[in-house]
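Trainee: Could we go through the salt bridges in this structure together?
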Amino acid sequence: MTIENLLRDNIKSIKAYSSARDEYQDASAKMAFLDANENPFTTAVNRYPDPQQSKVKEQLAEIKGIETSRILLGNGSDEVLDLLFRAFCEPNVDNVITLPPTYGMYKVLAALNAVELKEVLLDSNFQPKVEEIIAEQNNKSKLLFLCSPNNPTANSFDADKIERLIKDFNGVVVIDEAYIDFSDQESWVSRLNEFPNLVITQTLSKAYGLAGIRIGICYASEYIISVLNKIKPPYNINQLSQDKAITRLSNLGKVKQEVNSILKERHRLLQQMDGISIIKKIYPSDANFILVKVDDANKRYSQLIEQGIVVRNRTSQALCQNCLRFTVGTSSENDKLMSVLKNLN
Ligand SMILES: Cc1ncc(COP(=O)(O)O)c(C=O)c1O
């Protein structure tokens with residue numbers, strides 16, 4: 001298998017749009033910029049942003065120990081996921097494999113891109129059924145999505161299962177690590193060199209506390225990144241988002257402090273939920289949320305709304321009957337959740 005063979009034919013031959021800022025990047029230099037039809041009067045954002053987001057990538061490269069040429073940024077990881085569909089999946093021909101219950105956007109993006117979705121349920125411990133997944137693939141299977149830690153189940157997949165799938169799946173394996181900063185497991189970014197068919201997505205929306213600026217990250221081989229770069233919209237990360245990301249990534253101490261506090265709160269919630277009568281099962285969590293099985297999810301969801309608490313009702317998802325998903329909040333939000341849960345009847 002070569003990665004080039006997995007690409008759609010039109011993508012192989014496409015030539016990227018060359019933007020004005022691609023041709024001359026350093027907009028801060030003392031030049032007269034008469035190339036991009038911008039308004040010359042300053043508003044602080046009258047210039048187009050860096051299409052390659054070099055400063056943000058340099059910071060991420062340093063943090064993750066990876067070359068900038070192996071990083072692509074998207075307007076949220078949702079855009080990165082969409083680019084992967086567009087690069088690899090021929091509409092009405094190819095298929096992708098997902099492992100429900102999992103993040104809902106894979107299914108939405110498959111439908112949007114007219115790509116067949118093959119679903120192989122997780123087992124009762126929410127782990128991938130490796131043999132069934134391998135058996136399900138055919139020569140049109142282009143992407144396999146492994147969400148680890150998985151949303152909504154909150155667990156990480158076993159590393160040996162992931163490795164087996166990377167080796168035995170004939171297409172590209174996408175590990176969605178949106179919640180990796182809350183996990184005990186090591187990120188697969190450190191093993192990218194070993195597997196040309198591995199793509200890892202992460203995001204600044206969760207641990208980094210920047211959901212509002214929409215920055216998702218793709219780590220992959222230089223070749224895959226160069227392909228995605230050709231097809232991404234030229235200015236997909238706006239200037240304000242780049243500026244905000246740079247500031248936040250310069251203060252990792254603060255991010256770590258917040259993550260530690262979320263992990264402490266997660267531990268506290270897991271302990272306190274243990275004695276609550278409406279909660280029938282608490283699933284282990286490797287993320288910043290907890291999945292629980294309650295006696296009647298629809299009823300408890302509505303009662304929580306009435307008390308001013310919005311949670312996610314996952315009862316209609318496969319293997320999640322009567323399950324609610326609670327995001328770990330601030331200590332006072334968590335206190336409120338616990339006191340309401342204790343008193344529901
Ligand atoms: C597993 C998973 N991947 C990706 C995303 C989307 O992240 P972003 O905000 O970067 O688009 C989410 C958001 O909830 C998620 O749960």
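Mentor: The following turns discuss salt bridges and the burial of their partners.

Mentor: This is a predicted model, in which local features need pLDDT of at least 70, side-chain atom pairs count only at pLDDT 80 or more, and totals for chains, interfaces and linings use all residues. Residues are numbered from 1 along each chain as its sequence is written, and side-chain values use heavy atoms, with hydrogens and water left out.

Trainee: How many salt bridges does the structure hold?

Mentor: There are 18 salt bridges, each defined as a side-chain nitrogen of Lys or Arg within 4 Å of a carboxyl oxygen of Asp or Glu.

Trainee: Where do Lys 12 and Asp 9 lie?

Mentor: Both are in helix H2 (residues 9-13), 3 residues apart, about one turn of the helix; helices (H or I, at least four residues) and strands (E, at least two) are DSSP runs, numbered from the N terminus. Their side chains form a salt bridge at 3.2 Å, N to O.

Trainee: What about Asp 94 and Lys 142, what do their side chains form?

Mentor: Asp 94 and Lys 142 meet in a salt bridge of 2.9 Å, N to O. Asp 94 sits in the loop between helix H5 (77-88) and strand E2 (95-98) and Lys 142 in strand E4 (residues 141-147), so the pair ties together parts that are 48 residues apart in sequence.

Trainee: Is Asp 94 buried or exposed?

Mentor: Asp 94 is buried, at 3% relative accessible area, and Lys 142 is buried at 9%. Buried means under 20% relative accessible area, exposed over 50%, and partly exposed in between (1.4 Å probe, protein chains only).
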